[in-house]
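Here are my notes after a pass through the model. Have it open while you read, and tell me where you would look next.

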Amino acid sequence: MKKDLSLVEGIHDYVLRNSLRDSELLQRLRDETLQDRQSIMQVPPEQGQLLALLVKLIGAKRTVEIGVYTGYSTLCVALAMPEDSYTLACDVEESWTGIAKRYWTEAGVAHKIDLRLAPAAATLNAALAAGEAESYDFVFIDADKSSYDTYYELALRLVRPGGLIAIDNVLFFGAVVNSNVLETRTLQRIGEATLQVLRDLNNKIRDDQRVDLSMLQIADGLTLVRKR
Ligand code: SAM
Ligand code: CA
């Protein structure tokens, strides 16, 4: 029996038809993001819905978003949390997060989101210095892949025991197995060294006794890590 259903024709459409609960606003943000050359960076809708489900399951009220882009994953998570929730949102790019802020406002969740335009490691270290260790329920890691190990270690300090860290793009189009699957242009952009960061982190988490884990084949690969 086939263990990998992702290659069965039509299965992705079937999953969407039978599980996606979309909204006009989320659809509009996706459409606007599609105008950007780098729109592939946005999580797909079924992954946004999974993140929303996860934060509801763990009753999250305090989350960190590392890599905002046009704000889609942040929006999915903020919509799933209570009125008095808090999201520390990290990015460096004002033009993209300008789009994000427009949609957060329209969705009525802007007051829950604290956007910091600075390198994420600096923002997270500042949060730790301000006494916020183990005060977060959920961290989504989705910024520059070369810093993933740094983000993972910082996230482990920021989440409470029992808290969740979701790490995106852990399979990187399959290039963690074979970098030849990437177009030359994409491979040059990401670089072998950064792919190695992802491979090393995947290896490290497998044996990391500080956490429980599951690596999911959804979208571009998503590892879920629960801090022990
Ligand atoms: N989570 C977003 C979504 O699903 O729509 C996508 C995030 S995108 C893959 C990565 C983002 O990380 C970009 O918006 C980029 O500006 C940001 N970024 C890159 N380097 C960064 C850094 N050092 N600190 C914070 N953000 C960074
Ligand atoms: Ca991503």
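**Notes on the pocket, the calcium site and a helix pair**

1. Start with the largest pocket: α8 gives the largest share of its lining, four residues. Keep in mind that this is a predicted model. The elements that contribute two or more residues to the lining are α3 (45-57), α4 (72-79), β2 (86-91) and α8 (184-190).

2. How much space lies in the largest pocket? About 1,300 Å³. The lining is made up of 42 residues, and those nearest the pocket's centre are Gln38, Ile40, Met41, Lys145 and Arg189. If you want a place to centre your view, those five names will do.

3. On the chemistry of that lining, the split is 20 nonpolar residues, eleven polar and eleven charged.

4. Now the calcium ion (ligand 2). Its protein donors are Asp142 (OD), listed twice, plus Asp168 (OD) and Asn169 (OD1), at 2.2 to 2.8 Å from the ion. Along the sequence, the spacing of the donor residues reads D-x25-D-N. Asp142 sits in the loop between β4 (136-141) and α7 (148-158), while Asp168 belongs to strand β5 (residues 159-168), so the pair ties together parts that are 26 residues apart in sequence.

5. Are the two aspartates of the site buried or exposed? Asp142 has a relative accessible area of 13%, which makes it buried because the cut-off is under 20%. Asp168 is buried as well, at 3%.

6. Asp168 also turns up in the surroundings of Gln47. That glutamine lies in helix α3, an element that also gives residues to the lining of the largest pocket. Gln47 is buried, with a relative accessible area of 1%. Which residues does Gln47 touch, leaving aside those up to four places away in sequence? They are Phe140, Asp168, Ile218, Ala219 and Leu222.

7. Last, the helix pair. Two packed helices are described by the distance between their axes and the angle between them. For α7 and helix α9 (residues 192-206), the axes come within 9 Å and cross at roughly 35 degrees. From α7, the residues in the contact are Tyr148, Asp149, Tyr152 and Glu153, and they meet Val197, Leu198, Leu201, Lys204 and Ile205 of α9. By class, that contact has six nonpolar residues, three charged and no polar ones. Note that α7 is also the helix at one end of the loop that holds Asp142, a donor of the calcium ion.

Note on methods
Residues are numbered from 1 along each chain as its sequence is written. Chains are lettered from A and ligands numbered from 1 in the order in which they are written. This is a predicted model: local features need pLDDT of at least 70, side-chain atom pairs count only at pLDDT 80 or more; totals for chains, interfaces and linings use all residues. Side-chain values use heavy atoms; hydrogens and water are left out. Donors are N, O and S atoms within 2.8 Å of the metal (3.2 Å for Na, K and Ca); water is not among the atoms, so sites may look incomplete. Buried means under 20% relative accessible area, exposed over 50%, partly exposed in between (1.4 Å probe, protein chains only). On a 1 Å grid over the protein atoms alone, a cavity is a set of points where a 1.4 Å probe fits but cannot get out, and a pocket is an open set with protein on both sides within 12 Å along at least five of seven lines; lining residues have an atom within 4 Å of a point. Grid points are joined across faces, edges and corners, and a volume is the space filled by probe spheres set on the points. Ala, Val, Leu, Ile, Met, Phe, Trp, Tyr, Cys and Pro count as nonpolar, Asp, Glu, Lys and Arg as charged, and the others, Gly among them, as polar. Axes are lines fitted to C-alpha atoms, for helices over the stretch in contact, and angles run from 0 to 180 degrees between N-to-C directions. Contact means heavy atoms within 4.5 Å.
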